[in-house]
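Biologist: I would like a close look at one single part of this model, the place where a chain turns back on itself. Please start there and then show me how that part fits in with the rest.

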Amino acid sequence: MLDQLFGDLEKKQADLKKTLSEVIIDHSYQDGTVEIKLNANKEVLNIKINPEKLDTSDTEQLEDLMVIAMNEALEMAEAKQAEHSQSLISDMIPGGLGNLFGS
């Protein structure tokens with residue numbers, strides 16, 4: 001029985017990872033100065049920098065913008081990941097215990 005439970009858990013985790021890879025987050029910082037595209041697995045798919053909105057020779061400013069934009073995008077991915085993980089946990093809890101974690 002435990003083998004079946006752990007086997008199901010591994011499959012559900014693999015399914016969750018696949019689902020999260022398909023959840024795309026497009027984050028635009030400072031009106032499109034920096035745009036970051038990543039998935040809910042926190043894999044960065046693309047980064048765009050609009051040189052018309054930024055002095056690209058100011059590397060310190062560019063680095064600061066990248067750090068802030070990336071952290072915000074990662075927070076968004078973390079929220080999506082938590083949302084999908086909570087759904088997986090709720091699906092695994094036996095009937096009547098679904099509100100155990102405040103769902």
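**The hairpin and its surroundings**

Modeller: Ser28 stands opposite Glu35, a residue of strand E2. Here helices (H or I, at least four residues) and strands (E, at least two) are DSSP runs, numbered from the N terminus. Before we go on, note that this is a predicted model, numbered from 1 along each chain as its sequence is written. Local features need pLDDT of at least 70 and side-chain atom pairs 80 or more, while totals for chains, interfaces and linings use all residues, and side-chain values use heavy atoms, without hydrogens or water.

Let's step back for a moment to place the hairpin. The chain has two helices and three strands, and from the N terminus on they follow the order α-β-β-β-α. Your hairpin is made of E1 and E2. E1 covers residues 24–29, and E2 covers residues 34–39. The two strands run antiparallel and are joined by six bridges; strands pair if DSSP finds at least two bridges between them. Four residues lie between the strands, and in this hairpin Gln30 takes a positive phi near 50°.

Now follow the side chains along E1. Ile25, His27 and Tyr29 point to one face and are buried, whereas Ile24, Asp26 and Ser28 point to the other face and are not buried. (Buried means under 20% relative accessible area, exposed over 50%, partly exposed in between, with a 1.4 Å probe and protein chains only.) This is a familiar pattern, because in a regular strand the side chains alternate between the two faces of the sheet.

Turn next to the partner strand and Val34. Apart from neighbours within four places in sequence, Val34 contacts His27, Ser28 and Tyr29, and also Lys48, Leu65, Met66 and Ala69; contact means heavy atoms within 4.5 Å. Val34 has a place in the largest nonpolar core too: of its 18 residues, Val34, Ile36 and Leu38 touch the most other members. Helix H1 (2–22), E1, E2 and helix H2 (59–92) are the elements that give two or more residues to this core. H2 gives the most, with eight residues. (A nonpolar core is a set of buried Ala, Val, Leu, Ile, Met, Phe, Trp, Tyr and Cys residues joined through side-chain atoms within 4.5 Å.) In the chain as a whole, buried residues make up 24% of the 103 residues.

After E2, the chain passes through a loop to E3, and Lys42 lies in that loop. The side chains of Lys42 and Glu78 meet in a salt bridge, at 2.5 Å from N to O. This pair links distant parts of the chain, since Glu78 is in helix H2, 36 residues away from Lys42. Both ends are partly exposed: Glu78 has 38% relative accessibility, and Lys42 has 35%. (A salt bridge is a side-chain nitrogen of Lys or Arg within 4 Å of a carboxyl oxygen of Asp or Glu.)

The structure holds four salt bridges. Among them is the pair Asp15 and Lys11, whose closest N and O atoms are 2.9 Å apart. Asp15 and Lys11 both sit in helix H1, four residues or about one turn apart. Lys18 and Glu22 form another, at 2.6 Å between the closest N and O atoms; this pair, too, is four residues apart in H1, so about one helical turn separates them. Glu22 counts as exposed, at 52% relative accessibility.
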